[in-house]
Amino acid sequence: MNEMRKYTVLITGADRGLGFELAKLFLEHNYFVFAGRYLEKWNLLNELRERYPESLELVTLDVGSDESVHAAAEQIRAKTGSLDMIINVAAIPGKLTGSIFDELDFEDMLRCYNVTTLGGLRVVNALIHELMSSFHKLVVNISSEAGSIGTCWRYEGFGYCMAKASVNMQ
């Protein structure tokens, strides 16, 4: 294994999809990865930990919960005093149907906004001192075309689109 300094990254939503693929990529490039996991029964991260036992720490993390984020931050602080990077991938789509003429589920939109937008901010806020202790200090918030004012093609899914637009402002 390459003995170069391992940079340290926290990836939220690392259970599957883009978050999982980013975790794999960073591990392959000799980073130490804190993988925020929400889906405890999803086994991909367990399998990845078997391949990288010294470089992968699984962190139970529900970015929509203050308590969960604070507990995850404490777990990370117990392992390191600094983070080089936080990558906020965790998001939920909410209900992706319904036009302005339909009855809209505003509670669902609030859940989507709480996780998709405030979740990343909540994580950065909880770990800002560890991030500022690093020379690199990088925060990456993953968005999509859904958050674009100019190129979004969607006519439904208000909660998700508005949450991703807020991520862009963040």
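Which hand, left or right, does the crossing of α4 and α6 have? The crossing is right-handed, and the first legend below shows the two helices. All views come from a predicted model.

**View 1. Packing of α4 against α6.** The axes of α4 and α6 lie 9 Å apart and make an angle of about 30 degrees. The two helices are therefore roughly parallel to each other. Their crossing is right-handed. From α4, the contact uses Met109, Cys112, Tyr113, Thr116 and Thr117. From α6, the partners are Phe158, Gly159, Tyr160, Ala163, Lys164, Ser166 and Val167. By class, the contact of α4 with α6 holds seven nonpolar, four polar and one charged residue.

**View 2. The largest cavity, with α4 and α6 in its lining.** One cavity of 30 Å³ or more is present in the structure. The space in the largest cavity comes to about 70 Å³. Its lining counts 14 residues, and Asn88, Ala90, Thr116, Gly120 and Val167 are the closest to the centre. Two elements, α4 and α6, each give two or more residues to this lining. The biggest share comes from α4, with five residues. Sorted by class, the lining of the largest cavity has five nonpolar, eight polar and one charged residue. Thr116 and Val167 link this view to View 1: Thr116 of α4 and Val167 of α6 take part in the contact of the two helices, and both are among the residues closest to the cavity centre.

**View 3. The largest pocket, with α1 and α6 in its lining.** The largest pocket contains about 540 Å³ of space. Its lining is made of 19 residues. Nearest the pocket centre are Gly13, Val89, Ala90, Ala91 and Ile92. Helix α1, residues 17-28, supplies at least two lining residues, and so does α6, residues 158-169. The lining of the largest pocket divides into 13 nonpolar, two polar and four charged residues. Ala90 appears in both space-centred views: this residue is among those nearest the centre of the largest pocket and among those closest to the centre of the largest cavity.

**View 4. Packing of α1 against α2.** Helix α2 spans residues 44-51. Its axis and that of α1 are 11 Å apart, at an angle of about 5 degrees. α1 and α2 are therefore roughly parallel to each other. On the α1 side, Phe20, Ala23, Lys24, Leu27 and Glu28 form the contact. On the α2 side, the residues are Leu44, Leu45, Leu48 and Arg51. The contact of α1 with α2 comprises six nonpolar and three charged residues, with no polar ones.

**View 5. Packing of α3 against α4.** Helix α3 covers residues 66-79, and helix α4 covers residues 106-126. The angle between them is about 40 degrees, and their axes are 9 Å apart. That angle makes α3 oblique to α4. The crossing of α3 and α4 is right-handed. Asp66, Val69, His70, Ala73 and Arg77 are the contributors from α3. They meet Arg122, Val123 and Ala126 of α4. Of the residues in the contact of α3 with α4, four are nonpolar, one is polar and three are charged.

**View 6. Gly64 and its contacts.** Gly64 sits in the loop that joins β3, residues 56-60, to α3. Along the chain, 58 residues separate Gly64 from Arg122, yet their C-alpha atoms are 8.2 Å apart. Leaving aside neighbours within four places in sequence, Gly64 contacts Asn114, Val115 and Arg122. Arg122 ties this view to View 5, where Arg122 is one of the α4 residues that meet α3.

Technical notes. Residues numbered from 1 in each chain as written. Predicted model: local features only at pLDDT ≥ 70, side-chain atom pairs only at ≥ 80, totals over all residues. Heavy atoms only, no water. 1 Å grid on protein atoms, 1.4 Å probe; cavity = no way out; pocket = protein on both sides within 12 Å on 5 of 7 lines; lining within 4 Å. Points joined across faces, edges and corners; volume = space filled by probe spheres on them. Helix = DSSP H or I, 4+ residues; strand = E, 2+ residues; numbered from the N terminus. Nonpolar A, V, L, I, M, F, W, Y, C, P; charged D, E, K, R; others polar. Axes fitted to C-alpha atoms, helices over the stretch in contact; angles between N-to-C directions. Parallel < 35°, antiparallel > 145°, perpendicular 65-115°, else oblique. Left-handed = near helix turned anticlockwise from the far one by under 90°. Contact = heavy atoms within 4.5 Å.
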